[in-house]
Amino acid sequence: MNHDKRHDLSQYALRLEGDNVPMVRFQNVTKKYGSLVVLDGLNLDVAEGEMVTIIGPSGSGKTTVLRMLMTLETIDSGVIYVDGEPLTHMEKNGRLVRANAAHLRLIRSKIGMCFQHFNLFPHMTALGNCVEGPMQVLGLSKQKAEERALELLDLVGMADKRDQHPSRLSGGQQQRVAIARALAMRPKVMLFDEVTSALDPEVISEVTSVIRGLVEQHNLTMLMVTHQIGFAREISDRICLFFDGKIEEQGSPEMLLNDPQNERTQQFLSAVLEAN
Amino acid sequence: MLDWKMDFTWEILPRLLLAAGNTVLAAGGGYAVAVVLGLVFALAQRTRSRTLTFIVRELVEFIRSTPLLLQIFFIFYVGPQFGLRLSPWAAGLIAIGLHYAAYLSEVYRGGIENVPKGQWEAAKAINLSTVATYRRIIIPQALPPALAGMGNYLVGIFKDTPMLSVIGVAELMHTANSIGAENFRYLEPYTIVGLIFLAISLPTAWLIRRFETALRRKMGLTK
C-alpha cells in the first residue's frame, strides 16, 4: 500500500499519446505475495486488435497478468495503461497517484474477462446473466439489453438455451454464455483465462471455435492464457512464454514454436508437445 | 390425580388466544427488527473500515454472550436513566430484536462467505458496483443456505417472547400467569399455552423448509 512513497512514479507518463498507443501496456509491473515475486518488472505492450497468448508452466505468473488487468489483483509497483489511460493509477495535480475505486471502475469498463470455471451467476438464466451488466451498469432498458444479449447468445450458439439456468448447461455451454456475458459490456479488451482447462475434451472445440470467430470478425484486443499450444499457434498474433514471473521469450507463433531461441523455451515446448 | 376442568378451559381459552395474538405480534415485530438489523451488522463487518468492523463484531459478541433477560431488564429499567423512556412493548421489541439481530448477523455472514469467490470476480468483471454486487449477486445466493438458520431463530424468538412478560407485555405467558393467580389454577392455562406454542412452532418450521426448497428451485439452484 505504501509503495507510492518508496516507488518513484515520476518516470511514468500521465497518459500515453502519439501514433502508436498500445491498447494495453504493462510498464515495469511487479507483483509479490509476501516474499514470493510473482511478476518481476513486467513490460508488455498489446496493440489494438492484437491477439496475444500467454503460455508457460504453472506458477509462472501468467494468470496473474490477466487478473491484474481485470483489477482482481493489485500491483506492487509499475503502472498498467489501458487505451492510453493509466489503470492502476490516476492523475492528481499533475502527478500519478494510486487509482481510487471510481477511477478503477471507469477504466475497468473497457475490459471483459472469461474465467476457467465460467463463474456464471447460478440464480439467473443464460439471458439473465447477459443482461445483468448492461442493465445495472450501462443503464440499458430491459428491451435493449435483451436485444443485445440475444444477438450475442446467437453469436455463441446459445440462443435456444436463453431461459436455462447454468446448472442445466454443460461446461462448454456455460463458457459460451460467459463469453456472451462479457461481450455484452462492449469491452475493448477481452481476457480469456484458461477458458478450456475445466472442459471435457469433446466440448473444447465449442469454445475455441467461438474465440476463433471473434478473432476473425471483430477488432477486439485479446489476451489469452492457455495450455492448448495448437490453438494458440492457430489464432495468436504473438505468443509470450512466461517463466518465473518474466517473459522468457516472445514472438509470432511460427518463430516461437518452430524456432525457439531459448533453452528453457525449448524444454518447455518439447515437454508440452509430448503431453499433447 | 389429574383434575382437568373443561368448563374452566372454555372460559379462559378466548383470553389466551387473544394473548397468543400478542405473542405472534411480539415475535413478528422483534424478528422484523432482527432481520434488518442483523443484515446491517453483517455488512458492517465486511466494510473496509477496521474500526467499524471491530466495534460491530464486539457488539455482536457482547449481545450473544449476555442473557436476553438481562438485556430486556436493562433496556426497560436502566434506559430511563439515559433518557430512554420506552413502553414495555417498545423496550421488548428492541431488546428481542437486537438480541436476535446478533445471531442472525452470524447466519448472514456464513451465507455470504459461502458464496464462491468467483462470483465476486465475475461481478467485478462486468463492473457491477458494490451495492449492485450485494443486491443482485451475493445476497440472493447467500439467502437459500441461510434460510434454515433464519427459520430456527424465528422459532427461537417466538419461544423467547415469554421473557417479555417480566416487563409486563401482555403476551401468552403473562396472561397465563394472571389467569393462574386470579383463579388459583395453573394446570389448564399453562397446558394450553404449551399447546398453542406447539401449534404455531411446528407448522412454522415445516413451512420454512418448504419455502427453502421452493426458493432454491425457483432460483435455478437445483437441477
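**Exercise 1. State how chain A is divided into domains, and describe how the domains meet.**

Step 1. Chain A consists of domain 1 (3-110 + 187-275) and domain 2 (118-186), with bounds that come from an automatic or database domain assignment. The model is predicted, so that local features need pLDDT of at least 70 and side-chain atom pairs count only at pLDDT 80 or more, whereas totals for chains, interfaces and linings use all residues. Residues are numbered from 1 along each chain as its sequence is written, and chains are lettered from A and ligands numbered from 1 in the order in which they are written.

Step 2. Between the C-alpha centres of domain 1 of chain A and domain 2 of chain A the distance is 25 Å.

Step 3. In contact with 10 residues of domain 2 of chain A are 10 residues of domain 1 of chain A, where contact means that the C-beta atoms of two residues, placed from the backbone, lie within 7 Å. On the side of domain 1 that touches domain 2, helix α7 (residues 204-217) of chain A provides the largest share, 3 residues; helices (H or I, at least four residues) and strands (E, at least two) are DSSP runs, numbered from the N terminus. By class, that side of domain 1 has 8 nonpolar, no polar and 2 charged residues, with Ala, Val, Leu, Ile, Met, Phe, Trp, Tyr, Cys and Pro counted as nonpolar, Asp, Glu, Lys and Arg as charged, and the others, Gly among them, as polar.

**Exercise 2. Locate the largest nonpolar core and explain why it lies between two domains.**

Step 1. A nonpolar core is a set of buried Ala, Val, Leu, Ile, Met, Phe, Trp, Tyr and Cys residues joined through C-beta atoms within 7 Å; a residue is buried if 20 or more other C-beta atoms lie within 10 Å of its own, exposed if 12 or fewer, and partly exposed in between, with C-beta atoms placed from the backbone.

Step 2. The largest core has 83 residues, of which I80(A) and A180(A) touch the most other members. Helix α6 (residues 171-183) of chain A gives the largest share of this core, 6 residues. Because domain 1 (3-110 + 187-275) and domain 2 (118-186) of chain A both give residues to the core, it lies between them.

Step 3. When neighbours within four places in sequence are left aside, the contacts of I80(A) include R25(A), F26(A), V29(A) and M68(A). A second, separate core has 37 residues, among them Y108(B) and F158(B).

**Exercise 3. Describe the side of chain B that touches chain A.**

Step 1. Contacts join 18 residues of chain B to 24 residues of chain A.

Step 2. On this side of chain B, α5 (117-125) and α6 (130-160) each supply at least two residues, and α5(B) gives the most, with 6 residues.

Step 3. The residues of this side of chain B comprise 9 nonpolar, 5 polar and 4 charged.

**Exercise 4. Work out how α1(B) is oriented relative to α7(B).**

Step 1. Helix α1 (residues 6-44) and helix α7 (residues 172-183) of chain B have axes that come within 8 Å and cross at roughly 155 degrees. Such axes are lines fitted to C-alpha atoms, for helices over the stretch in contact, and angles run from 0 to 180 degrees between N-to-C directions.

Step 2. The crossing therefore makes α1(B) roughly antiparallel to α7(B), a term for angles over 145 degrees.

Step 3. Residues of α1(B) including I12(B), R15(B) and L16(B) meet residues of α7(B) that include L172(B) and T175(B).

Conventions. Parallel < 35°, antiparallel > 145°, perpendicular 65-115°, else oblique.
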